[in-house]
Amino acid sequence: MADFDLAIIGGGINGAGIARDAAGRGLKVVLVEQNDLASGTSSASSKLIHGGLRYLEHGAFRLVRAALSEREVLLRMAPHLIRPLRFVLPLDASSRSAFVLRLGLLVYDLIGRREILPGTRALDLITDAAGQPLQRRFHRGYEYSDCFADDARLVVLNAVDAAESGAVIRTRTRCVRAERAGEWRLILNARGARDVVTARVLVNAAGAWVETVGETVLRQPGPRRLRLDKGSHIAVPRLYDHDRAYILQAVDGRVVFAIPFQDDLTLIGTTDRSFSGDPAEVTPTGEEINYLCGVINAYFRSTIVAADVVWAFAGVRSLYDDGARKPQDIGRDYALVLDKSFGVAPLLAVYGAKLTTFRRLAEDVLARLSHFFPRSRPWTATSSLPGGDFVYDGAPTLIDGTRRRWPFLAEGHAHRLVGAYGTRVDQVLQAATCLDDLGERLGADLTAAEVRYLMAKEWAQAADDVLWRRSKFGLRFSQAERAALERFMAAGK
């Protein structure tokens, strides 16, 4: 008898979402990730929960409708990690016509299944605060709704919920070989220690590495279906004071977002370029950084240059190759390829997908595998992620309650903790009565108590796990503080 019903290779948003859904149905699940959770594309996204307004002009109505229907599902599921965000679209006479944009936004609203998010409205950019940072030539625009998310923590909390339902989450564990017979036999290597587990069904959710895993680990080479697309982002000191984002039309037909980020920064992205090479080595080029700066400079009064960039990152999207010629024209929908050859254990490979549709993808994976797990039923549509068991607009009330219970917390500290842990902030702070009870301050407002929690409950093992995926303290820490954090975590292992 196999050790597990389902084995999953890949600890990004798709792998973690599938593990959560399957474990919540009572299946025995193991997830294997060679690095940290969300260490690839899932922490290098534009961090948006959106339908993809620009996909409408490519006729991708099914994809947009499916993604839009997920916005409010995910907002209710994780109101600490996801927040509504209004997007300002300035009208540029040299780009798409005002009629086409208004029609697209009307369709966006009509198929959006909105109960919480407000609809589109026209803006007078001469009088509205959204027009103040823009060049004077922009007189009119539109404003519509989508959501912003902490992408990496979304992955981590899916894994936490999976583990609490009985899943085994094995980070920094490489599947070096998988042998297929009546069941799967996975040979694992965790920092030199060899282990073997067996499973009835295997899901390859390795993202940009899905075909590499298929060829080298599973030894199941097939037709080349994967197309890799590189997207780069930059962050610069905040360009404006209000809390709305901008969607800007570039001269090459793409759109670029400018999004309020981490209180004092603006996140700008993304590019779209075909990519070949090792996805683990992807970095933004100078040309891409200049491109993003150029789009901003075509709209805003203040100009930015590469020297203003305080953080730049890139990720590789794994797209299912549908024959489109341009990267921006490739479909963003996912594809599930199931191999259920007679006499051998099933294999399902995941291609493509968006951050927004991870929950639906997980449901679809389990539906495709329903012949093997007939008693399972969908359950995640009305669920909440760990710490997200409060109303979608209840964060201010939760912050106020946190400050009353732990009055020594500064407002910004309480706001950040609630934004990361929601109602589980008590598991971090516990019975502390003063700041000293939380232990050493390792930099900014990161305390020893919080790091211990991340190590014990969220699989954090190295400084970068904490600084870039469980938080964005990497933007605030000095090299000395980072080294001190590494020593602290090494001592606590």
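User: Why is Thr120 called buried?

Analyst: In this predicted model, Thr120 lies in the loop between helix H3 (98-110) and strand S5 (121-124). Its relative accessibility is 14%, and because buried means under 20%, Thr120 counts as buried.

User: Which residues is Thr120 in contact with, leaving aside its neighbours within four places in sequence?

Analyst: With those neighbours left aside, Thr120 is in contact with Arg102, Leu105 and Asp109, and also with Tyr142, Glu143 and Tyr144.

User: What makes strand S13 largely enclosed by the rest of the structure?

Analyst: Strand S13 spans residues 255-261, and seven of its seven residues are buried, so the strand is largely enclosed by the rest of the structure. In a regular strand the side chains alternate between the two faces of the sheet. For S13 both faces are covered, since Val255, Phe257, Ile259 and Phe261 on one side are buried, as are Val256, Ala258 and Pro260 on the other.

User: How do you know that S13 is paired with S12 and with S14?

Analyst: Two strands pair if at least two bridges are found between them. Four bridges join strand S12 (residues 245-249) to S13, and five bridges join S13 to strand S14 (residues 265-269), so the criterion of at least two is met in each case. S12 and S13 run antiparallel, and S13 and S14 also run antiparallel. Gln249 has Val255 of S13 as its bridge partner, while Ala258 stands opposite Ile268 in S14.

User: What is found between the strands of each hairpin, and which residues there take a positive phi?

Analyst: The hairpin of S12 and S13 has five residues between the strands, and Gly253 takes a positive phi near 95 degrees. The hairpin of S13 and S14 has three residues between them, with Gln262 in the turn at a positive phi of about 50 degrees.

User: How do you know that the buried residues of helix H9 are on the same side?

Analyst: The buried residues of H9 (residues 411-421) are His413, Ala414, Leu417, Val418, Ala420 and Tyr421. Around the helix axis they cover an arc of only 165 degrees, which puts them on the same side of H9. These buried residues pack against H4, helix H8 (395-405), helix H10 (425-429), strand S20 (446-447) and helix H11 (448-457). Just after H9, Gly422 takes a positive phi of about 55 degrees.

User: Which residues touch the most other members of the largest nonpolar core?

Analyst: This core has 53 residues, of which Ile18, Ile82, Val203, Val365 and Leu369 touch the most other members. Helix H4 (residues 151-164) supplies the largest share of the core, with eight residues. Apart from this core lies another, of 32 residues, among them Ile399, Leu467, Phe473 and Leu485.

User: What makes the protein chain as compact as a globular protein of its length?

Analyst: The protein chain holds 13 helices and 20 strands. Its radius of gyration is 23 Å, close to the 23 Å that the globule rule gives for 493 residues, so the chain is as compact as a globular protein of that length. Along the principal axes, the C-alpha atoms fill a box of roughly 70 × 60 × 40 Å. Buried residues make up 58% of the 493 residues, and among contacts with a separation of 6 or more, 71% come from residues 24 or more positions apart. The chain exposes about 20600 Å², with carbon and sulfur atoms supplying 50% of it.

How values were computed
Residues numbered from 1 in each chain as written. Predicted model: local features only at pLDDT ≥ 70, side-chain atom pairs only at ≥ 80, totals over all residues. Heavy atoms only, no water. Buried < 20%, exposed > 50% of the residue type's maximum accessible area, 1.4 Å probe, protein only. Helix = DSSP H or I, 4+ residues; strand = E, 2+ residues; numbered from the N terminus. Contact = heavy atoms within 4.5 Å. Core = buried A, V, L, I, M, F, W, Y, C linked by side-chain atoms within 4.5 Å. Rg over C-alpha atoms; globule rule 2.2 N^0.38 Å. Areas by Shrake-Rupley, 256 points an atom, 1.4 Å probe, with all protein chains shown as cover. Arc of directions from axis to C-beta.
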